[in-house]
Amino acid sequence: AVAQARAAITAATTLEELKAARLAHQGEKSPLALANREIGALPPSAKAEAGKRIGQARGQVSQALAARQSELEADRDRRILVEETVDLTVRVPRRPLGARHPISLVSERVEDIFVSMGWEIAEGPEVESEWLTFDALNIPADHPARQEQDTFFVEPAGSGLVLRTHTSPVQVRTMLDREPPIYVLCPGKVFRTDDLDATHTPVFHQFEGLVVDEGITMAHLKGTLDAFVQRLFGEGIVTRLRPNYFPFTEPSAEIDCRCWVCGGSGTIDGDKCRTCGGTGWIELGGSGMVNQRVLRAAGVDTDRYTGFAFGLGIERSLMLRHNVADMHDIVEGDVRFSQQFGMEI
Ligand code: FA5
């Protein structure tokens with residue numbers, strides 16, 4: 001019976017199997033337990049000897065069980081240590097990192113360029129008064145230019161508030177706020193009821209430049225724009241000033257850059273270039289000498305001071321600088337698009 005028990009105990013490879021072996025060889029129905037019970041029926045002379053032998057046998061079985069028990073427990077502990085190991089070096093999925101939007105990067109770069117020329121940054125609200133957005137800029141209610149900049153009006157009708165259609169109201173705010181000499185850059189978000197297409201978006205960004213000082217001429221405007229464009233886009237970039245009309249500047253000029261997709265030819269493989277609409281030029285913004293009427297409305301002494309101003313689209317600047325062919329990429333907010341630009345532009 002001891003040999004059988006030992007065999008069963010050794011054969012047990014798990015704690016469950018050992019439990020079964022213990023029941024079979026140490027339990028109430030085990031051969032040794034049965035033998036123990038039969039001692040009572042033996043003649044008195046044989047009782048002591050039988051009791052001793054069965055006691056020894058039960059002791060041996062107990063020992064074997066205990067030994068196997070601790071072996072199997074040690075096995076189990078080792079296995080748990082391996083199976084439940086925490087590997088602190090494993091790469092776990094993290095919340096994906098975002099990226100700074102290139103519009104922010106270009107805006108900061110433009111600001112840096114002007115700040116390095118000694119200009120200051122000025123800001124104004126996106127919900128702006130109609131008076132500052134239009135009237136003070138020589139765009140009265142019946143002026144056709146008011147319709148040209150398709151305006152979002154703020155309810156209720158007649159509130160006198162609009163979502164600013166350009167950054168030019170910040171010009172007026174600045175002139176009302178401080179005395180010349182004024183050298184400010186006003187970056188910000190603007191809104192128009194334009195449909196989203198390859199070169200337009202209803203919410204876009206402009207930066208407005210304003211200089212008011214003694215003896216300022218159109219030559220200062222041209223020199224400033226040239227210096228700026230060369231620093232933002234690089235040496236080779238070609239620009240042109242095209243006579244134009246803005247109510248708030250006189251004379252006025254459109255600032256264009258040569259189209260970077262078709263190289264200025266207006267066609268790609270015989271088809272009309274979609275980026276510049278076949279003109280070979282991309283319009284960057286408007287500029288001019290600040291209209292005397294605007295200076296006067298803002299309380300500037302026009303006998304003493306003249307000024308120039310310009311307003312450029314940041315989206316257009318980004319497209320030009322980084323060969324972005326479609327405005328959709330800029331507004332859709334796909335982090336993979338932003339990631340291409342890194343942290344600095
Ligand atoms: C103006 O907004 C004038 N305030 C600019 C100005 C300032 C002129 C100071 C003179 C003196 P314009 O409407 O042309 O001008 O817009 C300026 C630039 O904004 C455009 O040249 C273009 O680069 C950009 N822009 C206009 N509409 C959109 C649009 N829907 N999406 C993206 N960019 C646009």
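**Exercise 1.** Which side chain has an N or O atom 2.7 Å from a nitrogen atom of the ligand?

*Solution.* The side chain is that of D194, whose N or O atom is 2.7 Å from a nitrogen atom of the ligand; a polar contact is a pair of N or O atoms within 3.5 Å, and within protein one must be able to donate a hydrogen and the other to accept it, while residues adjacent in sequence count only if both atoms are side-chain atoms. The side chain of R192 likewise has an N or O atom 2.8 Å from an oxygen atom of the ligand, and a polar backbone atom of G285 is 3.2 Å from an oxygen atom of the ligand. Taken alone, the ligand exposes 680 Å², and the protein buries 95% of that (accessible areas by the Shrake-Rupley method with a 1.4 Å probe).

The model is predicted, with local features needing pLDDT of at least 70 and side-chain atom pairs pLDDT 80 or more, whereas totals for chains, interfaces and linings use all residues. Residues are numbered from 1 along each chain as its sequence is written, and side-chain values use heavy atoms, with hydrogens and water left out.

**Exercise 2.** Describe the shell of residues around the ligand.

*Solution.* Begin with the number: 26 residues surround the ligand, and H166, S168, R192, D194 and T201 come nearest (a residue is near if one of its heavy atoms lies within 4 Å). Next, sort the shell by character, which gives 7 nonpolar, 14 polar and 5 charged residues, where Ala, Val, Leu, Ile, Met, Phe, Trp, Tyr, Cys and Pro count as nonpolar, Asp, Glu, Lys and Arg as charged, and the others, Gly among them, as polar. Finally, look at the elements: β10 gives the largest share of the shell, 5 residues (strands are DSSP runs of E, at least two residues, and helices runs of H or I, at least four, numbered from the N terminus).

**Exercise 3.** In what order do the 7 strands of the open sheet stand?

*Solution.* The order is β1-β4-β5-β11-β10-β7-β6, with mixed pairing; two strands pair if DSSP finds at least two bridges between them. The edge strands are β1 (120–121) and β6, each of which pairs on one side only. Within the sheet, β10 and β11 pair in the antiparallel sense over 5 bridges, and S287 stands opposite F310 in β11. Strand β6 (residues 239–246) pairs with strand β7 (residues 249–258), also in the antiparallel sense, over 7 bridges. These two strands, β6 and β7, form a hairpin with 2 residues between them, and F246 stands opposite T249 in β7.

**Exercise 4.** Find the backbone features that depart from the usual pattern.

*Solution.* Most residues other than glycine have a negative phi, and most peptide bonds are trans. Against this background, the peptide bond from E155 to P156 is cis, with omega near -5°, and P156 lies in the loop between α7 (144–148) and β3 (161–163). The peptide bond from E250 to P251 is cis, with omega near -5°, and P251 is found in strand β7. Lastly, D269 has a positive phi of about 50° although it is not a glycine, and D269 lies in the loop between β8 (267–268) and β9 (271–272).
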